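Open the model in a viewer and keep the sequence panel in view. The stops below are meant to be selected one after another.

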Amino acid sequence: MQFFPIVSPGARMATFELYRRSTIGMCLTETLDEMVQNGTLSPELAIQVLVQFDKSMTEALETHVKSKVSIKGHLHTYRFCDNVWTFMLQDALFKTEDCQENVGSVKIVACDSKLLTQ
């Protein structure tokens, strides 16, 4: 089973807004907000940029990322609501073929890839 981020409700096509909460997504949102505030960019164009960001992130992760990662850690909390899984891990160990990294705490949010075709 593959997992992908939350599908935006009410969208004509499946769009993924979860990446907006990543570091790059938050920086983009802040920059767009500043540009709208100072009149450099219209709010409509800013929304179009965010929608394109959502699509581009999804496509890039589907086509360019081929690595597999194993994760071990202490499962602190988990939830399943509206077909979305949320896992809170503590003392997590991420392993790839090349390296491993310890992370104090991590939040993983995922939904079933079957939702992409709806």
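The tour starts with confidence, then takes the helices, the strands and the aromatic side chains.

**Stop 1: colour by pLDDT**

This is a predicted model, so colour the chain by confidence before selecting anything. The protein chain has an average pLDDT of 83, and 81% of its residues reach at least 70. Where are the extremes? The lowest mean, 39, belongs to strand E1 (residues 3-4), and the highest, 95, to helix H1 (residues 23-37).

Now select residues 1-14, where pLDDT stays under 50. The model gives this stretch 32 contacts beyond four places in sequence. Where pLDDT is low, predicted coordinates should not be read in detail.

**Stop 2: helix H1**

Move to residues 23-37, which make up H1, the element with the highest mean confidence in the chain. H1 has 15 residues, and its first and last C-alpha atoms lie 21 Å apart, close to the 21 Å expected at 1.5 Å a residue. Then step just past the end of H1 to Gly39, which has a positive phi of about 85°.

**Stop 3: helix H2**

Select residues 43-64, which form helix H2. Put a distance label between the C-alpha atoms at its two ends: they are 31 Å apart, in agreement with the 32 Å that 22 residues should span at 1.5 Å each.

Show the side chains of Ala46, Leu50, Phe53, Asp54 and Thr58, the buried residues of H2. Because they cover an arc of only 115° around the axis, they are on the same side of H2. Bring H1 back into view, since the cover over these buried residues includes H1.

Which exposed residues sit on the face turned away from the buried side? Rotate H2 to find Glu44, Gln48, Glu59 and His64 there.

**Stop 4: strands E2 and E3**

Select strand E2 (residues 70-81) together with strand E3 (residues 84-95); they pair in the antiparallel sense over 10 bridges. To check the register, pick Thr77, which stands opposite Met88 in E3.

E2 and E3 form a hairpin with 2 residues between them. Zoom in on the loop that joins them, where Asp82 and Asn83 are found. Asp82 has a positive phi of about 55° although it is not a glycine. Asn83, also a residue other than glycine, has a positive phi near 65°. Are these residues buried or exposed? With a relative accessible area of 69%, Asp82 is exposed, whereas Asn83, at 42%, is partly exposed.

**Stop 5: strands E3 and E4**

Keep E3 selected and add strand E4 (residues 100-112). E3 and E4 pair in the antiparallel sense over 11 bridges, and they form a hairpin with 4 residues between them. Two positions help to follow the register here. Phe94 stands opposite Glu101 in E4, and Ala92 stands opposite Val103 in E4. E3 therefore has antiparallel pairings with both E2 and E4.

**Stop 6: the aromatic cluster**

Finish with the rings of Phe80, Trp85 and Phe87, which form one aromatic cluster. How many aromatic pairs does a search of the whole structure find? The search finds 2. In one pair, the rings of Phe80 and Trp85 have centres 4.6 Å apart and planes at 40°, so the pair is tilted. In the other, the rings of Trp85 and Phe87 have centres 5.4 Å apart and planes at 10°, so that pair is stacked. For the pair to count as stacked, the planes have to be under 30 degrees apart.

Switch on a surface to see how far these residues are covered. Phe80 counts as partly exposed, at 48% relative accessibility. Trp85 is partly exposed as well, at 28%, and Phe87 is partly exposed at 27%.

Definitions and conventions. Residues numbered from 1 in each chain as written. Predicted model: local features only at pLDDT ≥ 70, side-chain atom pairs only at ≥ 80, totals over all residues. Heavy atoms only, no water. pLDDT = per-residue confidence, 0-100. Contact = heavy atoms within 4.5 Å. Expected span 1.5 Å × (residues − 1). Buried < 20%, exposed > 50% of the residue type's maximum accessible area, 1.4 Å probe, protein only. Arc of directions from axis to C-beta. Phe/Tyr/Trp six-rings, centres within 6.5 Å; stacked < 30°, edge-to-face > 60°. Pairing = 2+ DSSP bridges.
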